[in-house]
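Q: Please take a close look at one part of this model, the paired strands and the turns that link them. Some context on the rest of the chain would also help.

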Amino acid sequence: MKGDLLKKELDIFTFYDLLQHFPYRHIDKTEIRKINEITPATEYIQVAGKIISSEVIGERRGKRLVAELTDGTGTLELVWFQGINWVEKNIRPGEQLLVFGKISFFMGSPQITHPETEIYTPEKSDGKKFLEPVYPTTEKLKVRGLNGRQIGKLVFTLLEMLQEKDMPENIPDHILSPLQFPSRYKAYNDIHFPSDNIVYESALDRLKFEELFIAQVRLHLLKLNRHRYTKGIVFKEVGNLFNTFYHDYLPFRLTGAQKKVLKEIRQDTARGYQMNRLLQGDVGSGKTIVALLSMLLAADNGFQSCLMAPTEILAQQHFQNISSLLKDMPVATALLTGSTRKAERNKILTKVAEGKTHLLIGTHALLEDQVQFHNLGLAIVDEQHRFGVAQRAKLWSKNEVPPHVLVMTATPIPRTLAMTAYGDLDYSVMDELPPGRQAITTVHRYDDARSQVMDFIKAEIKKGRQAYIIFPLIEESSKLAYEDLMKGYENVKAYFPEPPYWISMVHGRMPTEQKEVNMQRFVQNDTQIMVSTTVIEVGVNVPNASVMVIESAEKFGLSQLHQLRGRVGRGADKSYCILLSGKKLTADARERIKIMCATTDGFVIAEKDLELRGPGDIEGTRQSGMLNFKLASIVKDKHMVDLAKEKAEFLLKEDADLSTSVNLKLKNFLMQQKGQTLWSKIS
Ligand code: ADP
Ligand code: MG
């Protein structure tokens with residue numbers, strides 16, 4: 001019965017699960033306090049004293065036994081609703097008792113309901129020194145008599161039954177001993193029943209390290225094995241196309257970060273295994289040129305490549321941008337999207353299949369079965385999080401030997417998160433913006449300053465600039481939010497009558513064609529204002545736009561705000577981001593707005609986002625199963641994540657197959673655990 005309840009309520013199926021049901025804190029029962037020390041902030045307390053009265057009062061459900069205890073400094077009420085007969089016999093006036101429990105206040109005086117009691121003999125209780133665990137439990141379990149203390153008893157009994165050999169060590173000695181962590185057996189004992197805080201902390205550290213270390217070993221094994229066993233295309237040389245473009249066509253000098261990433265890609269693609277690389281670069285860090293140079297590297301080695309963008313607008317922008325960068329170079333480039341006409345499409349498909357097209361740029365349309373390459377060597381996915389894993393996998397299957405894969409994302413991922421969620425991928429960061437960018441000024445204004453904000457937009461438009469006004473249509477299907485947007489649009493129109501002003505509007509409910517027309521008008525500066533939902537969040541590049549107004553900014557998450565702001569500050573002009581909100585803000589919303597006003601560094605913002613929201617909510621990691629650590633936190637235990645990674649790398653560098661005897665215990669453990677965790681992979 002209780003077993004069933006444990007399964008249902010706490011997911012405890014096995015003895016091992018029970019051992020992993022960790023206490024969330026411990027109570028120090030070694031300390032005896034005075035009754036007059038009790039304050040409204042006191043939670044649990046242990047006192048020693050004499051019973052001065054005891055009586056049963058009330059009737060039926062209100063029936064209870066109330067006793068009074070004094071220790072000379074004050075009196076404390078002890079109350080029992082259950083087991084009254086037993087208590088009546090044992091708790092009598094004159095009795096010396098040691099009492100422990102949770103303090104509550106009734107009519108201003110402190111009391112403990114159902115305290116733990118025992119006869120108090122000062123000499124005897126001196127040696128009694130341990131911290132008592134407090135376990136998470138549920139109301140349902142409590143009613144059935146399985147409160148935190150009962151769970152503690154189960155764990156205690158279990159631990160008494162188990163011996164060192166039942167909980168074999170899983171971390172090799174050469175890793176474990178220099179770190180001075182306790183053994184696995186000792187750690188499990190101490191985390192439940194520590195003799196003091198120091199012992200508890202080191203048990204906790206050991207088990208946190210174990211979680212992170214095992215996860216890192218698994219990730220590195222995945223990566224190593226991909227490198228060792230998946231055959232990949234080799235890009236032998238840097239050839240004419242790359243060099244000519246680099247020396248004669250590149251309109252600027254690459255940033256250090258761009259160079260570093262290109263070098264990593266160059267090395268990866270020459271090694272003979274399939275590259276599977278995640279490229280993180282903040283908005284505006286210049287990922288497109290890295291993509292183009294990588295594609296030229298593929299072409300130099302006789303391979304085709306493709307670049308896939310999440311929207312038609314972005315695919316078109318990439319195509320125009322890349323075509324104009326390549327000018328007259330002998331590189332055949334084509335654009336394929338959902339709206340490519342049939343005759344045109346057939347022509348493109350033939351050329352791609354014959355290998356006459358070198359660079360194919362497009363949307364999801366690239367994934368369709370009719371798209372057959374002659375020899376696809378490199379597949380690039382821009383703005384990663386809009387594509388599902390299954391969709392990406394379709395791309396790689398377009399070639400017998402899987403093409404190299406470069407996934408580019410503009411949503412910075414905090415370092416520790418990337419290490420744990422994407423640790424099996426090759427991974428590059430571009431943490432540098434091209435020179436000459438003017439910092440975007442971000443300010444927070446309340447709704448009642450809207451007319452000043454609109455005046456400010458007018459002044460910018462007068463200078464020839466353009467502006468975005470974003471509404472929080474977070475659920476594109478929500479009717480209410482849609483009405484808000486329409487109201488907002490009417491409101492904007494009232495400030496900016498057509499003519500002389502012109503306004504574009506784009507939202508998710510609009511037919512694709514209309515969206516594109518409206519977007520295109522803004523791109524060409526036929527309209528000065530873009531009223532939109534977050535559909536324009538990703539990638540859109542209109543360098544002439546200098547103002548980003550975000551309505552109801554409190555409703556957006558940090559990474560979304562950062563993405564939206566990234567739409568301005570793309571040209572040489574000074575740009576502004578104005579966050580509008582109501583006056584009533586939650587603490588979290590206020591914090592988000594504060595962070596946005598304080599920094600434009602996407603990595604700082606991503607770290608804060610992780611702190612505020614926790615890893616469970618970060619885009620793309622929800623199902624990964626890799627962040628479900630019971631004890632370790634990738635926010636609070638950053639140094640431990642680093643340590644685990646370093647140790648795992650060191651270990652596998654020496655012994656990639658875990659074949660030496662010292663690593664056998666780890667190997668056995670991993671084999672046992674196999675299949676228990678879901679691993680997310682980009683490919
Ligand atoms: P993102 O990483 O957001 O995709 P883009 O590739 O669109 O960024 O680049 C943003 C802008 O910066 C583009 O106008 C591009 O031409 C410019 N750019 C990229 N690299 C450099 C560089 N090294 N120096 C100067 N400008 C650059
Ligand atoms: Mg981009």
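A: **Strands E2, E3 and E4**

In this predicted model, strand E2 (residues 44-57) and strand E3 (residues 64-70) run antiparallel and are joined by 7 bridges. One of the residues involved is Glu55, whose bridge partner in E3 is Val66. Between the two strands the hairpin has 6 residues, and Gly58 there takes a positive phi near 75 degrees.

E3 also pairs with strand E4 (residues 75-80), again in the antiparallel sense, over 6 bridges. In this pairing Glu68 stands opposite Glu77 in E4. The hairpin of E3 and E4 has 4 residues between the strands, and Gly72 takes a positive phi near 90 degrees. As a general point, side chains in a regular strand alternate between the two faces of the sheet.

For context, helix H9 covers residues 197-229. Its 33 residues should span 48 Å at 1.5 Å a residue, and the end C-alpha atoms are 47 Å apart, so the two values agree. The N-terminal end of H9 is capped by Asp196, with a side-chain oxygen 3.0 Å from the backbone nitrogen of Ile198.

The remaining context is ligand 1. Its shell divides into 4 nonpolar, 6 polar and 5 charged residues. Of the 15 residues around ligand 1, those that come nearest are Arg253, Gly284, Lys287, Thr288 and Arg437. An oxygen atom of ligand 1 lies 2.6 Å from an N or O atom in the side chain of Thr288, and an oxygen atom of the ligand is 3.0 Å from a polar backbone atom of Gly286. The protein covers 80% of the 560 Å² of accessible area that ligand 1 has on its own.

How values were computed
Residues numbered from 1 in each chain as written. Chains lettered and ligands numbered in written order. Predicted model: local features only at pLDDT ≥ 70, side-chain atom pairs only at ≥ 80, totals over all residues. Heavy atoms only, no water. Near = heavy atom within 4 Å. Polar contact = N/O pair within 3.5 Å; in protein donor to acceptor, adjacent residues only side chain to side chain. Areas by Shrake-Rupley, 256 points an atom, 1.4 Å probe, with all protein chains shown as cover. Nonpolar A, V, L, I, M, F, W, Y, C, P; charged D, E, K, R; others polar. Expected span 1.5 Å × (residues − 1). Pairing = 2+ DSSP bridges.
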